[in-house]
Amino acid sequence: MKSRLFAILAGIALVLGVSQLANATPVDTYQFKNEANQKHAMELARTLRCPQCQNQDIVDSNSPVARDLRMEVYQMVDAGKSDDEIVQFMTSRYGDFVLYKPRLDSKTYILWLGPIALLLLGGLIAFIFIRKQRGAVAVEEISDEDQQKLAELLKNR
Amino acid sequence: MKKLVLFIPLVLFLVLGYFLYAGLYLHPKELDSALEGRPVPDFNLEKLEDPNVKITNHDLKGQVYIMNVWATWCPSCKYEHPYLLKLARQNIVPIYGINYRDEREAAVKELKFKGDPYAMNIYDKDGRLGLDLGVYGAPESFVVDHNGIIRYRYAGPIDMRTWNETIFPIIQKLKQEAVAGKTS
């Protein structure tokens, strides 16, 4: 029994270990000036998408382009450039595509405002629907004839 | 009014269907180039064949040309290469090569054995020019006008179809612009 439990635990550990390996991000040998810069640069780089392997950020990706961009971000952060400058540098070369969070402009209005519009539309439809339902459930008056029949039925019981 | 309401699901279905159908024909790998309409970035790099000769962006200016990013490690470049040779023989526009993140010897050797379609080859060892051009893979080609402005970027190997349908018409247009620009 004990050995079985051990085997299961070992199996879980192995699976976790392997998946850890699969998640490993590339390690660079870049030396930051200080830790704050490192933290900041990594955070910024995580918001930038690799143009080649499109579903990875540039920290995560192994591709040479991602490596270049990553290094560029690190160096620019160390050189004291602002986030805006760095983002501008990237988008002027690779377009808005590299931003994971799209900008709000005429091309992306539908993206940003669409959900709100749909929510309002849904709310409106629900509102109309509920109001209609409420009208339909209104109690109907029983006619005199029916009232009489009912009384007779109850009497004869 | 009531009958109209019944059509709402159909309309929604059609709208959704349209977008999904259109989505089938999108190519997410093809990105808009941020550089179209902008000048070729400044560079000062060695010539591939001769490290002592420097090439700058000003050396290329003055006519319509193609910049072609290539490397020996890139299989699609090998596929594209014969077509570039053919274009070079037709002598329509000069093709300048940007040898991107490559080894000089391997690149020179390859051109020697397989033919050299390039009017000149720029050796971009560190990919710095590539970065400034927003290159994310090879091959990529840039069509540049006589003022040194990038007018079109094509990612992927040039073949007969893309040449005839897209690139050549653009070049013809730019050449006309160049002629008009010189006479006026």
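This section describes a predicted model of a complex, beginning with confidence and chain B and then turning to chain A and the contact between the two chains.

The predictor assigns the complex an ipTM of 0.72 and a pTM of 0.72. For chain B, the mean pLDDT is 89, and 95% of the residues score at least 70. Confidence varies among the elements of this chain: helix α1 (residues 2–6) of chain B has the lowest mean pLDDT, 81, whereas strand β3 (residues 65–70) of chain B has the highest, 94.

Chain B contains 7 helices and 7 strands. Their order along the sequence is α-α-β-β-α-β-α-β-α-β-α-β-β-α. The radius of gyration of chain B is 21 Å, well over the 16 Å that the globule rule gives for 184 residues, so the chain is more spread out than a compact globule. Taken along the principal axes, the box filled by the C-alpha atoms of chain B is roughly 80 × 45 × 30 Å. Of the 184 residues in chain B, 32% are buried. Among contacts in chain B between residues at least 6 apart in sequence, those joining residues at least 24 apart account for 74%.

Helix α2 (residues 8–24) of chain B was examined for length and burial. At 1.5 Å a residue, its 17 residues should span 24 Å, and the end C-alpha atoms are 25 Å apart, which agrees. The same helix, α2(B), is hardly covered, as the count of buried residues among its 17 residues is 0.

Two residues of chain B that are not glycine have a positive phi. B:N91, with a phi of about 60°, is located in the loop between α4 (75–90) and β4 (95–100) of chain B. B:N91 counts as exposed because 8 C-beta neighbours lie inside 10 Å, and the cut-off for exposure is 12 or fewer. B:R101 has a phi of about 50° and is located in the loop between β4 and α5 (104–114) of chain B. With 19 other C-beta atoms within 10 Å, B:R101 is partly exposed, because a buried residue requires 20 or more.

In chain A, the unreviewed UniProt entry annotates residues 109–130 as "transmembrane region". In the model, this span is 100% helix and 0% strand, and its end C-alpha atoms lie 31 Å apart. A:L124 is found in helix α5 (residues 109–136) of chain A. A:L124 is exposed, with 10 other C-beta atoms within 10 Å. Between the C-alpha atoms of A:L124 and A:D96 the separation is 35 Å, the two residues being 28 residues apart along the chain.

The contact between the chains takes 12 residues from chain A and 12 residues from chain B. On the side of chain A that touches chain B, the elements giving two or more residues are α3 (64–78) and α4 (83–94) of chain A. The largest share of this side, 4 residues, comes from α4(A). By class, the side of chain A that touches chain B comprises 5 nonpolar, 5 polar and 2 charged residues.

Terms used. Residues are numbered from 1 along each chain as its sequence is written. Chains are lettered from A and ligands numbered from 1 in the order in which they are written. This is a predicted model: local features need pLDDT of at least 70, side-chain atom pairs count only at pLDDT 80 or more; totals for chains, interfaces and linings use all residues. The expected span of a helix is 1.5 Å times one less than its number of residues. Two residues are in contact if their C-beta atoms, placed from the backbone, lie within 7 Å. Ala, Val, Leu, Ile, Met, Phe, Trp, Tyr, Cys and Pro count as nonpolar, Asp, Glu, Lys and Arg as charged, and the others, Gly among them, as polar. UniProt positions are given in the numbering used here, feature names are shortened, and annotations may be inferred rather than shown by experiment. pLDDT is the predictor's confidence in each residue, from 0 to 100. The radius of gyration is taken over C-alpha atoms; the globule rule is 2.2 Å times the number of residues to the power 0.38.
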